[in-house]
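Reader: I should like to learn how to read the features of a structural model in a systematic way. Would you take me through one, giving the general idea and then the case at hand?

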Amino acid sequence: MHKSLTQALKARSSLISDNHAAAIRLFNGFYEGYPNLVVDLYARTLILFGYEKSSPKMMEFMGAAQNLLLEQLPWVNCVVHKQRFAPDRRLRRGVLRFGDKPAEKIEEHGIWYAIDSLMNQDASFYLDTRNLRKWLLDNASGWKVMNTFAYTGSLGVAALAGGAARVIQSDRNRKFLELARTSGMLSHLDIGKMKLRTANFFTQVAQLKHNGELFDCLIIDPPFFSSTKKGNVDLVNDYVRIINKVRPLVKDGGRLIAINNALFLSGAEYMSSLEQLCADGYLSIETIIPVPQDITGYSQTIVDAPPRDPAPFNHPTKIAILGVRRK
């Protein structure tokens, strides 16, 4: 483990500084040699994610990794451990193992985002969509944007920071959405242009269609699987239906951002489903957004491959921007 962690830190050295304010992945054990450990750095807070099912063994393993990392990064002021398979929800959401207060914000591309690393079993901010946030910053000026399955709203905040005229963020959990408001205030954005809507996806889409709403950009980044009385989300078997459901909400010449992070869905299978959707000429695949290298691992650090080949994408988080043409 010592060699793998040290090599991973070296590969990411250009992303790390003593005044670190960004969020990066320091070690992706799934690809870099230890599949039971993932380490992220949020400003000066280390978050260790343990995937070993034996809790005592996992605690010992994470403790050893923590000691090594604190030697290498002595300016880190907080460490959180999260055990993915622990029966105790508190251990899944995270326990402070060093320091007294996790970071509450991170900076990315000049924009501040609020985080709450103990709110959920993840860290409340997805690192794999960093390049998509940059794309939204660069392209969203003047747009009307709908961010479905928004979670803590970082994609919508990036659009707002990029000059979007209006942003709607929709999620079933209001507590998660409120972080988007805090992010907007941290970066002194006009949060009057951002609306937070607590709603089921299917209910929200039906209401927007009924109201005749149209958007320049619509983002769908659903969970792997979700089942409600209003409908189901299944990224492997039924993702095309989700895309078709939101297509009528996108303006002629608009963009539909389709994100699929199903680990066991290959890139070729996903691309094939998108190409079939585009066969009628009303959708087109404009570009693929790659996942940053600190998430994928580097050529000198990668030991294992994903369970399914993500090509032509570079990671199981598969991000495609589709152009929309209306009849």
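**Reading contacts, sheet and backbone**

Author: Leaving aside neighbours within four places in sequence, T296 is in contact with Y31, V291, I302, N314 and H315. The model is a predicted one. As for its place, T296 belongs to helix α11.

Reader: Is T296 buried or exposed?

Author: The class follows from the relative accessible area, and buried means under 20%. T296 counts as buried because its relative accessibility is 10%.

Reader: How does one read a sheet, and in what order do the seven strands of the open sheet stand?

Author: In general, the strands of a sheet pair through backbone hydrogen bonds, in either a parallel or an antiparallel manner. Here the order of the open sheet is β10-β9-β8-β11-β14-β16-β15, with mixed pairing. Strands β10 (194–198) and β15 (283–289) form the edges, each pairing on one side only. From one strand to the next, the twist averages 15°.

Reader: How many bridges join β14 to β16?

Author: Strand β14 (residues 250–260) and strand β16 (residues 318–324) run antiparallel and are joined by six bridges. Within this pairing, L256 has L322 of β16 opposite.

Reader: Which helices lie across these strands?

Author: Helix α6 (residues 154–161) lies across β8 (144–148), β9 (166–171), β10, β11 (215–220) and β14, and the angle it makes with β9 is about 175°. Helix α9 (residues 239–246) lies across β11, β14 and β15, running at about 155° to β14.

Reader: At what angle do the axes of α8 and α9 cross?

Author: The axes of helix α8 (residues 201–210) and α9 cross at roughly 30° and come within 10 Å. Angles under 35 degrees count as roughly parallel, and the two helices are therefore roughly parallel to each other. At their contact, F201, F202, V205 and K209 of α8 meet R241, I242, K245 and V246 of α9. Sorted by class, this contact of α8 with α9 comprises five nonpolar, no polar and three charged residues.

Reader: I turn now to the backbone. What should one look for in phi and in the peptide bond?

Author: The general expectation is that most residues other than glycine have a negative phi and that most peptide bonds are trans. Departures from this pattern deserve a separate look.

Reader: Which residues other than glycine have a positive phi here?

Author: Among them are A43, with phi near 55°, and S124, with phi of about 80°. A43 is placed in the loop between β2 (37–42) and β3 (45–50), and A43 counts as buried because its relative accessibility is 10%. S124 is in the loop between β7 and α5; with a relative accessible area of 1%, S124 is also buried.

Reader: Which residues does a cis peptide bond join?

Author: The bond between A311 and P312 is cis, with omega about 15°. P312 is located in the loop between α11 (293–296) and β16.

Reader: Finally, how does one read a loop residue such as Q121?

Author: One may take place, accessibility and contacts in turn. Q121 sits in the loop between β7 (111–114) and α5 (130–139). Its relative accessibility is 31%, so Q121 counts as partly exposed. Residues up to four places away in sequence aside, Q121 touches F49, K82, R84, R92 and R93. Of these, R92 is 29 residues from Q121 along the chain, yet their C-alpha atoms are separated by 5.3 Å.

Technical notes
Residues are numbered from 1 along each chain as its sequence is written. This is a predicted model: local features need pLDDT of at least 70, side-chain atom pairs count only at pLDDT 80 or more; totals for chains, interfaces and linings use all residues. Side-chain values use heavy atoms; hydrogens and water are left out. Two strands pair if DSSP finds at least two bridges between them. Helices (H or I, at least four residues) and strands (E, at least two) are DSSP runs, numbered from the N terminus. Axes are lines fitted to C-alpha atoms, for helices over the stretch in contact, and angles run from 0 to 180 degrees between N-to-C directions. Contact means heavy atoms within 4.5 Å. Buried means under 20% relative accessible area, exposed over 50%, partly exposed in between (1.4 Å probe, protein chains only). Angles under 35 degrees count as roughly parallel, over 145 as roughly antiparallel, 65 to 115 as roughly perpendicular and the rest as oblique. Ala, Val, Leu, Ile, Met, Phe, Trp, Tyr, Cys and Pro count as nonpolar, Asp, Glu, Lys and Arg as charged, and the others, Gly among them, as polar.
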